[in-house]
Amino acid sequence: MDSQALQKLHDLLLQSTSNDTGLVKTATALLNQEFYKQPQCIAGLAQIIGNSPEQAVRQLAAVELRKRVSQNSGNLWTLLDQNSRETIKAQLPQLILTESNKLVRHSAARVIAAIASIEIPNGTWDQLLPFLKSTCASNDVAHREVGSFILFAVLENIVDGIPLNDLYALFGQLVSDPASIDVRITTVRSLGVIAQYIDIDDKQALNAYRTLLPSIFRVIGETVETGNEAGARHLFDVLETLLILEVPILGRNIPELVQFLLQCGANAAYEADLRVLALNALNWTVQYKKSKVQSLNLARDILVGLMPITSEAEPEDIDDDAPSRSALRIIDGLATNLPPDQVFPPLRDLILEYVRSADPSHRRGAMLALGVSVEGCSEFMTPLMDQIWPFIEGGLRDSDGSVRKATCIAVSCLCEWLEDPCVSKHEFLMPSIMALINDPVTQKAACTALDALLEILHEHIDQYLQLIMEQLAGLLQTAPISVKAVVTGAIGSAAHASKERFIPYFQQTITVLANFLTLTEEGEETELRGITMDAIGTFAEAVGKDNFRPYFPDMMAQAFNGLEMGRPRLRECSFLFFGVMAQVFGEEFAPYLERVVPALLESCKQLEQGEEQSSELIANAAQAFSSGASPSDAINISGDVDANGNPSIELEDLDLDKMLDVNSAVAVEKEIAADTIGTLFSSTKAHFLPYVEPCTIELLELLNHYYEGIRKSATDSLLQTVRTFHEISDEPEWVAGLQVVHPLKSQVKELVEHVIVPLLDMFETEDNKSVVSSLCMGLAETINVVGPALYGPHLEQICEIAIQILEQKALCQQDPDQDDDDVAPEYQAEYDSVLISSAGDLVASVANTLGADFEPAFRKFFPLISRYYKKSRSLSDRSSAIGCLAEIISGMKGAITPHTIPLAELFHKALEDDEPEVLSNAAFAVGLLVENTDVDLSSQFGVILSALQPLFQVDDNSSGARLNAKDNATGAVARLIVRNVNALPLDQVLPVFISALPLKNDYLENRPVFRALFHLFRVNGAALYPYMDRLLAVFAHVLDPSAADQVGDEIRAELINLIVAINGEEPAKVQAAGLGVFLPGA
């Protein structure tokens, strides 16, 4: 480039740094037109970097030079003549060494990285690595800083052709550089890059890397200690990268890492933001290295380190982070990721210590820690609640308002996850919470606790409803907006619990709440408007469509207005409202589909960063989110395009945290939209048919979304779509067996194939347990609806999903730091048990639809399922294992015969379990086995009856689980009666059997119960005569027309025939029981 052109290029760059936007636009246009399309601009920009006296110009020249080199996959660089390229390669590294400005040095280093990404793969820049090694080893600290940063920039761009294993010795020196923290930080960032390229079988590289881990931890600590926030953020990004890698780099150093992060997070002398970074990294450690945390039993030490942090002050703004909130998130993570026996016992000891403290902040921390632990430890906590209630009672009465407030939060969590224990304490909880609603300090938290309690109160709400509505109605008039939002939610829960008993309060309440639907401001007003929409939907469910119909059009109009306001929160609430209205009004909702469905599809299709940005940006940002890539690796678009015509990207320009804040609201909106699609179809039936195809296509697209909630909702709605389409297609009832008796109609078959194949493919790459659980449960439900025709060629693949999960080998169950020879632990986190249970549901559905043809597969599944019944397994595992086997027997019927003896032995063990949930399933299972097997188990009836007898010892105050166990025990005895009444001591059996009637909880067991009664009346009616008054009362109870159906049409018809027969002999008794209305001519 001649000197005149070079000067013009320089002047235009200088003009581009002006504050005058007009001058900048003019300069940019001229640069694009006259220079940036010509290869010689590369040489000119390189000269300007070395010669310009203006730092801003050198900086801009470096930025533009990197763009030109990278443009169109390096085409412009390769068009530059060879001599110029060699000159730049030789001179640019030297220019950086003499550059005084750090920003210019870094920008120029990225130019070298861009050139290296083209030249090194071609073997045409052999001089670069020796230069970098020499510079990094220089005695001049400034040179080491430059060399280490260039090396980092190069590694970020290109690793192919670079012998990475040769760099560990150099990094070992640089990471301990005695004079420069910048060198040490940059070296750790380089190590973060090369970690991503270590092969799991490269033991030399793994060992070399592991020796550097203590130095890496030390450098991170230095950045925190000195308040170097920029450096700390970079290095915690590196740490997070190491945590999520599939290569087990950190495994052996997890105890050291945990201790280091706890020390950083707990040190109040450090800046709060940096402590939060350390604690967030500890949270990642718990999540991604849980097998090591579990096997090393680190939970206790972590909890001991976290509890003092929980007592620190919290910021007022709920969106602001703080060490105390980070500590509570980790406790939550421990509870949900580890077996509860490792978490809750030490936490309980710490809570006991802290609630006894004279320092109210300690008591507050204890209550908050208790609250966040409930979700993951609820099953484990249930038998320990007598130890926990004193904490709650003391907290609600504490002299300090912050402790009372924290206890209200804990009560909310307990109500959500421990329904029965909380309902049993309603006489204490309700007045305590209502009293705190009057206290301004605790008002909002108390309303939240009330909301949670009302959600589960059911029939107990009657004694409180008037008081609640009076007090909450007053708050709707006087409370601040933020409290009004919580109050409105509580009123919705009151309606949910009271059902039709809410009708007297309905009209007045909806009139008040309707005013909130006119609020337009962002923030608290938007939140109140959204919660009001939710509450009104709950009103409709409670009072029924006839009572709600006068308000239906106006409320739909308000929901559409919410859509048009352009706020994800309001769109989310409108979608939820549409789903509820469709469920309440059914096919009456159909006229609204033409407005609702396009809005749902528009939501599903929207780009999470706004329509003006490219889909490639979203894809890459999503990848960064799901993989845990660091913000420094994130991307943003510039005005240039690459070889494919897509926007080129700038490094380090994107605030990923801010992007994800924006995305999370949109993602939740999409999640609700996807879920609502399935609800609308199932509610409006054939009216939805015009929308099935576009909705299915969009839902299939969402299976690949980065956010697990969206994948889960899409999965649920797709399977709901299949079930509903099958239902409205009038398919004949399926027949169990491998041979399909009734093939699916062509349209149903086509839909099934379009949906099932992508879902099965998704499983292979799905790493989220909740999504896989939903897939299993949804498949199970769909298989039971559609029948064996659903399988097509996919039966083996469906079974393989269940096998992998039961063997704990599914992708979502893997931990890269678990050694190959490690056996999966028997006692797991409670969330892991949910996944196992869902796999059992899937197996049971296959057995149900294959019937006797499932017997060969049962030989494979029986040992996989039965191993989950051991005393060392959790309650959920034990209960679901026995329940799954019971359902399989129900499906296989007589084909279970070859497996009778091992099943009977297993069920006998289960009938000795301590937990009513297990006993209930065991009673159900043993009854089904006796009923279906061809083996005569009459000789075992005495043993079975002895095992069942304790299950009948209940009263009205017994837990729901115990009442359910009694019903299942009653059903089991009924099956024994039908199978061989002569093998039973009826004089001992019938008093217990008949006194257990009518069933209170599990009405499905009425079928075997009444089959047994009918059988006894036929073969030994005299044995029942002493119990006739009791039986007639039971008959009246189950036939009560004002109550829900308990027996079904077939049993009802046979029972009425029996009543007619009894009336022939005992007409007075029949009339006295109120059964005369069922007699002919009545």
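**Exercise 1. Glutamine 40 and glycine 44**

Task: Find which residues glutamine 40 touches, not counting residues up to four places away in sequence, and then place glutamine 40 in its helix.

Solution: With contact taken as heavy atoms within 4.5 Å, glutamine 40 touches Met1, Leu80, Asp81 and Ser84, where residues up to four places away in sequence are not counted. Before going on, note that this is a predicted model, in which local features need pLDDT of at least 70 and side-chain atom pairs count only at pLDDT 80 or more, while totals for chains, interfaces and linings use all residues. Residues are numbered from 1 along each chain as its sequence is written, and side-chain values use heavy atoms, with hydrogens and water left out.

The next step is to place the residue: glutamine 40 belongs to helix 3 (residues 40–51), where helices are DSSP runs of H or I with at least four residues, strands are runs of E with at least two, and both are numbered from the N terminus. Its relative accessibility is 30%, so glutamine 40 counts as partly exposed; here buried means under 20% relative accessible area, exposed means over 50%, and partly exposed lies in between, with a 1.4 Å probe and protein chains only. Although glutamine 40 and leucine 6 are 34 residues apart in sequence, their C-alpha atoms are 9.8 Å apart in space.

Task: Is glycine 44 buried or exposed, and which residues does glycine 44 touch?

Solution: Glycine 44 also lies in helix 3, and because its relative accessibility is 0%, glycine 44 counts as buried. Leaving out residues up to four places away in sequence, glycine 44 touches Met1, Leu6 and Leu9. Its C-alpha atom is separated by 9.1 Å from that of leucine 65, which is 21 residues away along the chain.

Task: Which residues does UniProt list for "domain: Importin N-terminal"?

Solution: The unreviewed UniProt entry lists residues 27–98 under that name; its positions are given in the numbering used here, feature names are shortened, and annotations may be inferred rather than shown by experiment. In the model, residues 27–98 are 86% helix and 0% strand, and the end C-alpha atoms of this span lie 29 Å apart.

**Exercise 2. Checking the span of a helix**

Task: What span should helix 13 have at 1.5 Å a residue, and what covers its buried residues?

Solution: The expected span is 1.5 Å times one less than the number of residues. Helix 13 (residues 254–266) has 13 residues and should therefore span 18 Å, and its end C-alpha atoms are indeed 18 Å apart, which agrees. Among the buried residues of helix 13 are Ile254, Leu257, Phe260 and Leu262, and their cover includes helix 11 (203–225), helix 12 (229–244) and helix 14 (272–288).

Task: Repeat the check for helix 23 and for helix 17.

Solution: Helix 23 (residues 426–437) has 12 residues and reaches 16 Å from its first C-alpha to its last, close to the 16 Å expected. This helix is mostly covered, with nine of its 12 residues buried, including His426, Phe428 and Ser432. Helix 20 (385–396) and helix 24 (443–457) are among the elements that cover the buried residues of helix 23. Helix 17 (residues 323–337), with 15 residues, reaches 21 Å, close to the 21 Å expected, and 13 of its 15 residues are buried.

**Exercise 3. Backbone angles in loops**

Task: Where do lysine 685, lysine 893 and proline 998 lie?

Solution: Lysine 685 lies in the loop between helix 34 (656–684) and helix 35 (689–702), and has a positive phi of about 55° although it is not a glycine. At 22% relative accessibility, lysine 685 counts as partly exposed.

Lysine 893 is in the loop between helix 42 (875–892) and helix 43 (900–910), with a positive phi near 55°. Its relative accessible area is 45%, so lysine 893 is partly exposed.

Proline 998 is in the loop between helix 47 (986–995) and helix 48 (1006–1024), and the peptide bond from leucine 997 to proline 998 is cis, with omega near -5°.

**Exercise 4. A buried valine**

Task: Which residues does valine 772 touch, not counting residues up to four places away in sequence?

Solution: Valine 772 lies in helix 38 (residues 769–786) and, at 1% relative accessibility, counts as buried. Apart from residues up to four places away in sequence, valine 772 touches Phe763, Glu766, Ile805, Cys812 and Leu835.
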